[in-house]
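Open the model in your viewer and keep the selection tool at hand. This tour goes stop by stop: what to select, then what is there.

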Amino acid sequence: MSVVVLISGRGSNLEAILDAGLPVSAVISNVAGAGGLAVAARRGVATRVVPHGDYPTREAFEMALMREIDAFAPLVIAHAGFMRIVTSGYVQHYRWRSLNIHPSLLPSFTGLHTHERALAAGVKLHGCTAHFVTEDLDGGPIVIQAAVPVLPGDDAGALAARVLRQEHVVYPRAVRWLLEDRLVVENGRVSVRGGDAQYLLADRA
Ligand code: GRF
């Protein structure tokens, strides 16, 4: 009943998942120098690197990645700043077992540079979304969202930091729910058995 966490970078969401006491069996990165690998190693968690550049196609990379993941027989695969688009083969293999954390209130601002785009759009609320990974990039069923205010004077860095603090709250929660088999997906909508709140409003924090 473990989690494999996929990362490409610094690994602060990975750290939040570890701090929440969730059973992480391995951390796998597509980037050899990813900061999160050191976080995992410090905590005694197994690490693997599958450099996407070593493979001729996206599919070949994913085959190698899936082999590494499946060696740990995880129940949940948590994409935590994992910066690769996955194909339908991957999605089908881990259907309803893989989650992603995205730094916007989806369906607004899919893709990259979400904080810059939120500022440019003049939205007054921004936030993050934990959702299932599907074929639809950043479009899978939503598990939990946290909203934060956009404050006068914010730049992308300040806003990103405010959102990231909430990512660290909601993502471990989503992963735990999935591990505990409490998530129900019906008609593209997710509910939680037990009725825990699927939103969080973080004023100023
Ligand atoms: C987070 O903002 C996450 O939402 C996005 O990439 C960033 C990863 O940060 N997908 P970290 O590596 O977890 O610190």
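The stops below cover helix packing, aromatic pairs, backbone oddities and a few single residues. Keep in mind throughout that this is a predicted model.

**Stop 1: H1 and H2**

Two packed helices are described by the angle between their axes and the distance between the axes. Select residues 12-19 for helix H1 and residues 35-42 for helix H2. Their axes lie 9 Å apart and make an angle of about 20°. H1 is therefore roughly parallel to H2, since angles under 35 degrees count that way. The crossing is right-handed.

Now show side chains. From H1, Leu14, Glu15 and Leu18 make the contact. From H2, the partners are Gly36, Val39, Ala40 and Arg42. Sorted by class, the contact of H1 with H2 has four nonpolar residues, one polar and two charged.

**Stop 2: H5 against H6**

Select residues 114-121, helix H5, and residues 156-179, helix H6. How do these two axes cross, and at what angle? They cross at roughly 115° and come within 9 Å. H5 is therefore roughly perpendicular to H6. The crossing of H5 and H6 is right-handed.

Zoom in on the contact. H5 brings His115, Glu116, Ala118 and Leu119. H6 brings Ala156, Leu159, Ala160 and Val163. Here the classes are six nonpolar, one polar and one charged.

**Stop 3: Histidine 115**

Stay in helix H5 and pick histidine 115. Is histidine 115 buried or exposed? Histidine 115 is buried, because its relative accessible area is 12% and the cut-off for buried is under 20%. Leave out residues up to four places away in sequence, and histidine 115 touches Pro103, His126, Ala156, Leu159, Ala160 and Val163.

**Stop 4: The loop between E5 and H5**

Next, step back along the chain. Most residues other than glycine have a negative phi, and most peptide bonds are trans. Select leucine 106 and proline 107: a cis peptide bond joins them, with omega about 10°. Proline 107 sits in the loop between strand E5 (98-102) and H5.

Then pick phenylalanine 109, which is found in the loop between E5 and H5. Its phi is positive, about 55°, although phenylalanine 109 is not a glycine. With a relative accessible area of 17%, phenylalanine 109 is buried.

**Stop 5: Alanine 73**

Go to the loop between helix H3 (58-70) and strand E4 (76-79), where alanine 73 lies. Alanine 73 is not a glycine, yet it has a positive phi of about 45°. Is alanine 73 buried or exposed? Alanine 73 counts as exposed, because its relative accessibility is 59% and the cut-off for exposed is over 50%.

**Stop 6: Arginine 58**

Select arginine 58, in helix H3. Arginine 58 is partly exposed, at 35% relative accessibility. Which residues does arginine 58 contact, leaving aside its neighbours within four places in sequence? They are Arg84, Ile85 and Thr87.

For a ruler check, draw a C-alpha to C-alpha distance from arginine 58 to cysteine 128. The two are 27 Å apart in space and 70 residues apart in sequence.

**Stop 7: Aromatic pairs**

A pair of aromatic rings is described by the distance of the centres and the angle of the planes. How many aromatic pairs are there? The count comes to three.

Select tyrosine 55 and phenylalanine 61 for one of them. This pair is tilted, with 6.2 Å centre to centre and 55° between the planes. Tyrosine 55 is partly exposed, at 29% relative accessibility, whereas phenylalanine 61 is buried, at 4%.

Move on to tyrosine 90 and tyrosine 94. Their pair is edge-to-face: the centres are 4.9 Å apart, and the planes are 65° apart. Tyrosine 90 and tyrosine 94 are both buried.

**Stop 8: Glutamate 180**

Finish in the loop between H6 and strand E8 (183-186), and select glutamate 180. Glutamate 180 counts as partly exposed, at 42% relative accessibility. Now add isoleucine 144, which is 36 residues away along the chain. The C-alpha atoms of glutamate 180 and isoleucine 144 are separated by 15 Å.

Note on methods
Residues are numbered from 1 along each chain as its sequence is written. This is a predicted model: local features need pLDDT of at least 70, side-chain atom pairs count only at pLDDT 80 or more; totals for chains, interfaces and linings use all residues. Side-chain values use heavy atoms; hydrogens and water are left out. Axes are lines fitted to C-alpha atoms, for helices over the stretch in contact, and angles run from 0 to 180 degrees between N-to-C directions. Helices (H or I, at least four residues) and strands (E, at least two) are DSSP runs, numbered from the N terminus. Angles under 35 degrees count as roughly parallel, over 145 as roughly antiparallel, 65 to 115 as roughly perpendicular and the rest as oblique. A crossing is left-handed if the near helix is turned anticlockwise from the far one by less than a right angle, and right-handed if clockwise. Contact means heavy atoms within 4.5 Å. Ala, Val, Leu, Ile, Met, Phe, Trp, Tyr, Cys and Pro count as nonpolar, Asp, Glu, Lys and Arg as charged, and the others, Gly among them, as polar. Buried means under 20% relative accessible area, exposed over 50%, partly exposed in between (1.4 Å probe, protein chains only). Rings of Phe, Tyr and Trp (its six-membered ring) pair if their centres lie within 6.5 Å; planes under 30 degrees apart count as stacked, over 60 as edge-to-face and the rest as tilted.
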